[in-house]
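Please find below my comments on the model you sent. They are set out as numbered points and can be read against the coordinates.

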Amino acid sequence: MVSLDASQPHANVKQSRHPLGPRHITTTNGDFDSSYPAEVRQYLRTYGLTPPALESYETQAQRCLALLELKKTPIEKYQYLTHLRAANVHLFYRLLNDNIRDLTPIIYTPTVGEACLRWSEIFTQPEGMYLSFSDRGNLRRILDNWPHEVDITVITDGSRILGLGDLGVNGMGIPVGKLALYTACAGIRPDATLPITLDLGTSNEALRNDPLYLGSRRGKVTADEEREFLDELMAALTEKWPSIVIQFEDFKNPFPSLERYRDTYTMFNDDIQGTGAVILGGFITAVKASGVPAKDHRAVFLGAGSAGVGVAKQLVEYFIKEGLTEDEARRKFWFVDSRGLVTNDRGDKLQDHKVYFSRDDNEGQQFQSLSRLIDHVKPTILMGLSTIGGAFTPEIIQKMAELNKHPIIFPLSNPSSKSECTFETAVEHTNGTVLFASGSPFPTVEHAGKTLTPGQGNNMYVFPGIGLGAILSKAVNVTQDMIYASGEALSDALNEQERADGWLYPDIRRIREVSVVVTRNVIRSAQGAEVDRELSLRQLSDEDLDEFIRQRMYDPFNEKSAIETELKRLTSPANGNGTDVVKGAVATVTAATAAAHL
Ligand SMILES: NC(=O)c1ccc[n+]([C@@H]2O[C@H](COP(=O)([O-])OP(=O)(O)OC[C@H]3O[C@@H](n4cnc5c(N)ncnc54)[C@H](O)[C@@H]3O)[C@@H](O)[C@H]2O)c1
Ligand SMILES: O=C(O)C[C@H](O)C(=O)O
Ligand SMILES: [Mg+2]
């Protein structure tokens, strides 16, 4: 039997390094786990603090799922899962992995949108770092307060949260949700992820007047002030964690920061680039399924913001690879924003990012109505990134069906309330011929005796693999080719059954396997561009590289069993039944965990 030495803090207890001494002690989430046998509990010193029953994971999961079932609203389910993650991180991720299709909509889009809207009201515990404008000059020192080594961070300033507008620090739900998917989908260790929300003021007056609001009650800082703040933050993050990968998320105008940092830091913007890649993946498959050659496609985009332009730029690359000139490719896109068709002679000063796609062939005609523009362009593709729920009306969808045997209709705005149409409407008004993907999940639809499954064109299919690929290859930058490679890999990752069923995206239940393929392609692309610093991976065959990736992926099941296996080894007769060795076990298990650490 394992003996306890009360003078030794066990390995999983982290003591504060505060100069005044250990003011607080936090335990690693999961120590109080009812699946640990008595020896482990004694070793962890949680014996007597954990209920006596020794439970299997199946029993634990049964309780969790039953509790979830009892919660009436999505936000109650979200809160329960937040609590579970804080209490037992390995159980949370095992449950998430085993129920990824059902739980993703709760911890991520669309429920995370409602959580952000109500963040001030439902907040119970910090889950990431909040950095305020008044902290400038001190950012590097503040980062020292984060208790873990970080491989990847997701940063938002909350200024464009999904299609819900400026939510200030209430946007924290987004980095938290994205990073949970990094762990679930690509196996990045939970403690190696850092959600960051910048408190740079908010243009949302209602929030500033909300007594429960958790951010600074000031207007949004200017673009120049934000740039200076970000300059300091990027330098501080990279000084503290030299290999850190930095993902920008849900900024109102993210183009300048992408241009400024993409060649200097290991960073990417998920809304421009991740979205571009994920839609590229579904699009390659949809073009094949449409029966129309790539060169004959024409695309109308509702919404000309970061996501719309990001997607179109990625598709331009695709058309060029298909043999078109850049100019021919660019001219395949017609963009509509809140003022109508984006043209050179519309009479307003276009934002820089719209100029590339602005039309000069409209012969003086301006189009305010989407319906009239569709009559004019006769598109094969209709994309929605406008934040306008229901903008693809039955009439518009019917027009697309009249023009095309298989219209490609992607209502990509989030959350569900902002989706330009539902799957059901799209199926009904195209008589089931639509090639469909939406940003938020929709249920299957029964049509003509068949069950039709909607694709989910959400960047969650690629950002985990982009991030993991950048981490494992120790890429100095995230190049445009690495982004393109992630989208292409996604299309390749469909299995035979999915192709036969006409799916545009792989089954989300296979996401970890899909992420391995995406990660491998991202790494290969980093190697091609020679931005990789982990040169040993260049020698590996694709098969060996896949195996290497799999082995580096955090698996909550193994994480828990590792400690038990180690303890069994240490307490075996060969090891003198463990009495003294167990003190050493602390160091050994920590070393094993550290070795598995990315
Ligand atoms: N599916 C995904 O993976 C994914 C990824 C990124 C963004 N999105 C969603 O896309 C949407 C847009 O994101 P963004 O970053 O481009 O935002 P944005 O604010 O940069 O752009 C919104 C665009 O919509 C236009 N718009 C607003 N009202 C309009 C109207 N009535 N008619 C036509 N156009 C109108 C605006 O002029 C602007 O060009 C959001 O809902 C976001 O959640 C989805
Ligand atoms: O967060 C999502 O679900 C996708 C995307 O990044 C968005 O901003 O809508
Ligand atoms: Mg986003």
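The points below take up the domains, the ligand shells, some elements of the fold and a few backbone details.

1. Status and domain layout. This is a predicted model. The protein is divided into four parts: domain 1 (13-55 + 555-596), domain 2 (59-265), domain 3 (273-457) and domain 4 (462-540). Domain 1 is thus listed with two segments, 13-55 and 555-596.

2. Domain 2 against domain 4. The C-alpha centres of these two domains are 24 Å apart. Their contact involves 17 residues of domain 2 and 15 residues of domain 4. On the domain 2 side, at least two residues each come from helix 5 (100-107), helix 9 (173-186) and strand 6 (245-248). Helix 9 has the largest share of that side, with 5 residues. The composition of the domain 2 side is 8 nonpolar, 4 polar and 5 charged residues.

3. Record annotation. An unreviewed UniProt entry carries the annotation "domain: Malic enzyme N-terminal" for residues 85-262. In the model this span is 45% helix and 11% strand, and its end C-alpha atoms are 33 Å apart. The annotation comes from the record.

4. Ligand 1. There are 28 residues around ligand 1, and those that come nearest are Gly163, Gly305, Ala307, Asp337 and Gly439. Two or more residues of this shell come from each of helix 13 (270-290), helix 14 (306-321) and strand 9 (333-337). By class the shell splits into 9 nonpolar, 15 polar and 4 charged residues. Domain 2 and domain 3 each contribute at least three residues to the shell around ligand 1.

5. Ligand 2. Which residues surround ligand 2? They are Thr109, Leu162, Asp250, Asp270, Asp271, Asn414, Gly439, Asn458 and Asn459. This shell holds 1 nonpolar, 5 polar and 3 charged residues. Gly439 is listed around ligand 2 and is also among the residues that come nearest to ligand 1.

6. Cis peptide bonds. Most peptide bonds are trans. The bond from Thr109 to Pro110 is cis, with omega near 10°, and Pro110 sits in the loop between helix 5 and helix 6 (111-117). A second cis bond joins Asn414 and Pro415, with omega about -10°. Pro415 is in the loop between strand 12 (408-411) and helix 19 (423-430). Thr109 and Asn414, the residues that precede these prolines, both belong to the surroundings of ligand 2. I would mention the two bonds together in the text for that reason.

7. Strand 8. In a regular strand the side chains alternate between the two faces of the sheet. Are the faces of strand 8 (residues 299-302) covered or open? Both are covered: Ala299 and Phe301 are buried on one side, and Val300 and Leu302 are buried on the other. Strand 8 pairs with strand 9 in the parallel sense over 4 bridges, and Val300 stands opposite Trp334 of strand 9. The pairing of strand 8 with strand 11 (residues 381-384) is parallel too, over 4 bridges, with Ala299 matched to Ile381. Strand 9 also gives residues to the shell around ligand 1.

8. Helix 4. Why is helix 4 (residues 89-98) described as largely enclosed by the rest of the structure? The reason is that 7 of its 10 residues are buried. The buried residues are His90, Leu91, Phe92, Tyr93, Arg94, Leu95 and Leu96. Their cover includes helix 2 (57-70), helix 3 (74-87), helix 5, helix 9 and helix 25 (556-570). Two of these, helix 5 and helix 9, also supply residues to the side of domain 2 that touches domain 4.

9. Positive phi. Most residues other than glycine have a negative phi. Arg45 has a positive phi of about 60° and is found in the loop between helix 1 (38-44) and helix 2. Arg45 counts as partly exposed because it has 18 C-beta neighbours inside 10 Å. For Lys474, phi is near 50°, again positive. Lys474 lies in the loop between helix 20 (463-473) and helix 21 (480-492). With 17 other C-beta atoms within 10 Å, Lys474 is likewise partly exposed.

Definitions and conventions: Residues numbered from 1 in each chain as written. Chains lettered and ligands numbered in written order. Predicted model: local features only at pLDDT ≥ 70, side-chain atom pairs only at ≥ 80, totals over all residues. Near = placed C-beta within 6 Å. Nonpolar A, V, L, I, M, F, W, Y, C, P; charged D, E, K, R; others polar. Domains from an automatic or database assignment. Contact = placed C-beta atoms within 7 Å. Buried ≥ 20, exposed ≤ 12 C-beta atoms within 10 Å, placed from the backbone. Pairing = 2+ DSSP bridges. UniProt positions renumbered as here; feature names shortened; annotations may be inferred.
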